[in-house]
Amino acid sequence: MAIRDETRMLLESMTRLFEDHCTKQVADAAETGVFAQSLWDQVAETGVPLAALPESAGGADAEWSDLFAALRVAARFAAPIPLAETMLAGWAAAASGLETTDGPMTVGPVRSADKLTLERDGNGWRLSGAATRLPYAAHATRTVLIADGPDGEMAIAIDGQGGATLTKGKNIANEPRDTLTFANVRLSADQAAPVAKGVSRRALYQRGALARAAMMSGALEKAMDLAVNYAQERVQFGRPISKFQAVQQNLAVLAGQTAAAVAAANLGIEALSDPDLDHQEFLIAIAKTRVGEAATLACEIAHQVHGAIGFTKEYALQLSTRRLWSWREEFGGDPEWAARVGAYACRRGAGDLWPLLTDG
Amino acid sequence: MATPTFRFDPVEMPPEAKELRKEVRAFIKEHEHVMGFSRGEYNREFSRAMGKKGWIGMTWPKQYGGHERTSFERYVVIEEMLVAGAPLSAHYTGDRQSGPNLLRFGTEEQKNFFLPRIAAGELAFCIGMSEPNSGSDLAGTRTRAVKVDGGYKINGTKLWTSNAHRADYAILFCKMSGDGKEEPDRHAGATQFLLDLKSPGIDIRPVINLLGEHHFNEIFLTDVFVPDNRLLGKEGNGWNQVTSELSFERSAPDRFLVLFQMLREMVRMAGPDPDRATAAALGKLIAQLATLRSMSVSIAGMLQEGLNPNNEAAVVKDLGTRYEQDIPVVARQLFPTEPELEAIDLYTSMIARSTMNAPRFSIQGGTREILRGIIARGLGLR
């Protein structure tokens with residue numbers, strides 16, 4: 001049950017890296033639309049973004065649980081880089097035999113309503129449709145997409161935006177969420193390949209949701225840390241507000257929700273090794289559902305404890321809470337995933353509910 | 001990070017737990033006729049049967065009638081029993097807190113006398129903490145013990161004592177000096193005794209709860225004599241001991257599993273293809289439950305490592321009681337019915353029972369406010 005030494009070392013070194021290179025200035029600058037290139041370079045140098053790839057593809061055969069733990073650390077620092085997206089792009093591309101890059105990548109579609117169609121064109125392909133709200137698409141050196149081909153899902157890897165029309169957008173944390181529209185864009189044969197076993201739009205959506213759950217657990221830890229420290233520093237009525245029971249009770253709830261979020265995200269992460277894919281999705285759905293619930297409650301309390309200062313741009317709490325409010329909805333919000341949890345449990349039936357929670 | 005965070009490491013149940021789970025489920029099937037819903041039934045015969053299986057005092061040393069099994073195995077037995085609605089009340093207090101406290105603070109003679117009997121399901125304990133004027137503020141206990149020849153003489157009143165009218169012993173918390181008011185040490189003089197409930201001078205009267213049931217009692221102690229060898233631990237060490245006892249009480253999974261049957265009934269009523277709103281409402285509860293269970297198993301892992309997960313237990317109990325109180329609230333929105341306790345329809349009686357029981361969840365074993373105070377202390381705020 002103990003955390004592995006390798007994991008601990010990785011997380012410590014990631015923490016140091018973000019402490020040194022992911023200051024509030026970096027996060028603020030990124031919100032104006034300037035990509036945090038130097039931060040990205042530092043992170044890329046550790047090899048973490050592509051670590052899950054096999055060694056033959058330039059990776060380190062790392063455990064996904066370690067990568068999600070690294071995402072949790074990055075999120076504590078509100079790192080304005082597409083780390084989760086690059087990990088997932090690398091996974092989808094390399095597994096399907098497509099090339100990856102060291103640069104920042106994006107991956108999609110991230111929204112279930114998007115439609116991308118790939119048609120044969122001589123020995124190459126033509127791509128049409130739109131991938132909406134792609135994280136950091138304008139900054140990505142490579143875009144990895146899953147499209148519907150004539151014989152099933154196809155993985156696509158294109159340089160940059162690969163001839164698509166780019167429409168910029170952002171979430172409420174001012175993280176880029178861009179739309180790529182493909183109007184019969186011509187792709188060469190080696191830019192597309194049938195998806196490998198285990199890679200699919202559904203699997204991408206699940207892993208995306210899980211990545212957001214892991215990141216939210218980190219952002220919640222940060223929000224809690226800020227709230228607990230602030231309450232001990234801020235003096236009103238002649239004593240730190242942390243001495244007031246009303247504030248203590250609120251912080252206790254915040255701590256409980258944060259602990260639950262971390263535990264729920266871990267449930268989903270452990271499920272990645274579950275051979276039963278429906279059960280795996282059930283546990284990932286539990287993770288996104290519970291973490292989303294925690295985020296809603298925790299943001300409210302973290303702000304309440306901070307009073308007016310937490311509502312300013314100058315103070316760092318908003319870096320965490322605006323991300324939480326954004327990530328809560330990305331790759332499906334908690335109501336959507338809760339419906340999936342409930343639907344699966346009901347399909348399995350009442351008699352199976354307890355075994356479902358204990359035996360898999 | 002600077003803020004202390006609570007530790008809930010992911011834990012995988014060891015393989016022996018899997019085999020045991022099958023065995024427990026088979027045993028439950030054999031005893032189906034005594035299973036119920038959230039009633040806390042008292043059934044000595046069932047407790048003896050559990051004792052025979054070796055499922056009481058599972059983690060205790062064999063020399064005291066225990067079975068030296070892991071905290072995980074104990075966890076499996078308890079969660080399966082709770083979910084089935086097994087009648088655990090006769091041995092549960094002894095297994096969960098009195099036994100462990102005896103193991104920690106008892107004399108050799110006490111351990112040899114009490115523990116094998118508890119483990120056999122033959123000796124029932126109840127708790128002796130709350131009083132008419134001392135509920136959450138346990139340090140304000142007024143029950144008083146004075147030293148007399150060969151033992152102690154005790155006077156006072158205990159209240160809210162579940163099952164005192166059918167238990168054999170209570171671990172009585174009282175004061176030998178001090179009135180709980182003087183600072184800095186409000187805990188001075190606190191002492192615990194192993195009280196034989198058949199002793200002369202004890203008068204046990206029922207306190208009927210709002211469901212019309214008799215679980216609570218008021219215990220009047222008038223010049224009750226307790227011999228020297230039934231002092232538990234040391235005179236004046238009672239606060240330390242009772243804190244340990246409470247942490248055993250709070251780390252149990254019974255804080256979020258007693259209404260499981262009702263959740264299951266809702267899944268049955270929703271059918272295999274529910275509408276989205278119903279699925280989402282049930283899914284939210286299931287996600288809460290799965291998370292609570294993983295946190296609770298993690299606590300079992302900490303107990304197995306010999307750690308003291310006090311703060312973590314308070315977190316799980318606080319979240320767990322909130323979840324259990326939400327179950328009847330969600331139920332009445334999804335499947336409205338007029339509650340009736342004795343209704344033939346199972347669900348209608350469940351919603352009646354759970355609605356009336358719900359207030360209790362965040363009071364017993366430490367109120368929500370007390371638990372959040374413990375969590376706040378764990379965060380370094382107090």
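Good morning. I begin with a single residue: A:Arg133 is partly exposed, because 18 other C-beta atoms lie within 10 Å, fewer than the 20 needed to count as buried. A:Arg133 belongs to strand 3 of chain A, residues 124-135. Its phi is positive, at about 50°, although the residue is not a glycine. Please bear in mind throughout that this is a predicted model.

Chain B offers a second case of this kind. B:Asp223 is a residue other than glycine, and its phi has a positive value near 50°. B:Asp223 sits in strand 7 of chain B, residues 214-227. Is B:Asp223 buried or exposed? B:Asp223 counts as exposed, because 11 C-beta neighbours lie inside 10 Å and the limit for that class is 12 or fewer.

I remain with local features for a moment and return to chain A. The peptide bond that joins A:Gly108 and A:Pro109 is cis, with omega at about 0°. A:Pro109 is placed in the loop between strand 1 (105-108) and strand 2 (115-121) of chain A.

The next residue is A:Ala227, which is found in helix 6 of chain A, residues 201-233. A:Ala227 counts as buried, because 29 C-beta neighbours lie inside 10 Å, where 20 or more are required. Which residues are in contact with A:Ala227, leaving aside its neighbours within four places in sequence? They are A:Leu251, A:Leu254, A:Ala302, A:Val305 and A:His306. As for A:Ala52, it is 175 residues from A:Ala227 in sequence, and the two C-alpha atoms are 34 Å apart in space.

Let me now turn to the domains of chain A. The domain assignment gives domain 1, residues 5-194, and domain 2, residues 201-358. The centres of these two domains, taken over C-alpha atoms, are separated by 24 Å. Between them, 24 residues of domain 1 of chain A are in contact with 25 residues of domain 2 of chain A. On the domain 1 side, the elements that give two or more residues are helix 2 (24-30), helix 4 (64-76) and helix 5 (83-95) of chain A. Helix 4 of chain A gives the most to this side, with eight residues. By class, the residues on this side of domain 1 are 16 nonpolar, three polar and five charged.

I come next to the contact between the two chains. Here 47 residues of chain B are in contact with 44 residues of chain A. On the side of chain B, at least two residues each are supplied by helix 7 (260-270), helix 8 (276-304), helix 9 (310-334) and helix 11 (368-378). Which helix of chain B provides the largest share of that side? Helix 8 of chain B does, with 17 residues. The side of chain B that touches chain A is made up of 25 nonpolar, 10 polar and 12 charged residues.

Chain B as a whole has a secondary structure of 11 helices and eight strands. Its domain assignment gives domain 1 (15-123), domain 2 (127-236) and domain 3 (251-378). The C-alpha centres of domain 2 and domain 3 of chain B are 31 Å apart. The radius of gyration of chain B is 21 Å, which agrees with the value near 21 Å expected for a compact globule of 382 residues. Along the principal axes, the C-alpha atoms of chain B fill a box of roughly 70 × 50 × 45 Å. Of its 382 residues, 50% count as buried. Among the contacts in chain B between residues at least 6 apart in sequence, 73% join residues at least 24 apart.

Two helices of chain B complete the picture. Helix 4 of chain B, residues 89-105, has 17 residues, which at 1.5 Å a residue should span 24 Å; its end C-alpha atoms are 23 Å apart, in agreement. This helix bends by about 40° at B:Asp95. Helix 4 of chain B is mostly covered, with 15 of its 17 residues buried.

Helix 6 of chain B, residues 238-250, should span 18 Å with its 13 residues, and its end C-alpha atoms are indeed 18 Å apart. Its buried residues include B:Trp239, B:Val242 and B:Leu246. What covers the buried residues of helix 6 of chain B? The covering elements include helix 4, strand 4 (169-175), strand 5 (190-196), strand 8 (231-232) and helix 9 of chain B.

Thank you for your attention.

Technical notes:
Residues numbered from 1 in each chain as written. Chains lettered and ligands numbered in written order. Predicted model: local features only at pLDDT ≥ 70, side-chain atom pairs only at ≥ 80, totals over all residues. Domains from an automatic or database assignment. Contact = placed C-beta atoms within 7 Å. Helix = DSSP H or I, 4+ residues; strand = E, 2+ residues; numbered from the N terminus. Nonpolar A, V, L, I, M, F, W, Y, C, P; charged D, E, K, R; others polar. Rg over C-alpha atoms; globule rule 2.2 N^0.38 Å. Expected span 1.5 Å × (residues − 1). Bend = angle between axes of the 7 residues up to and from the residue.
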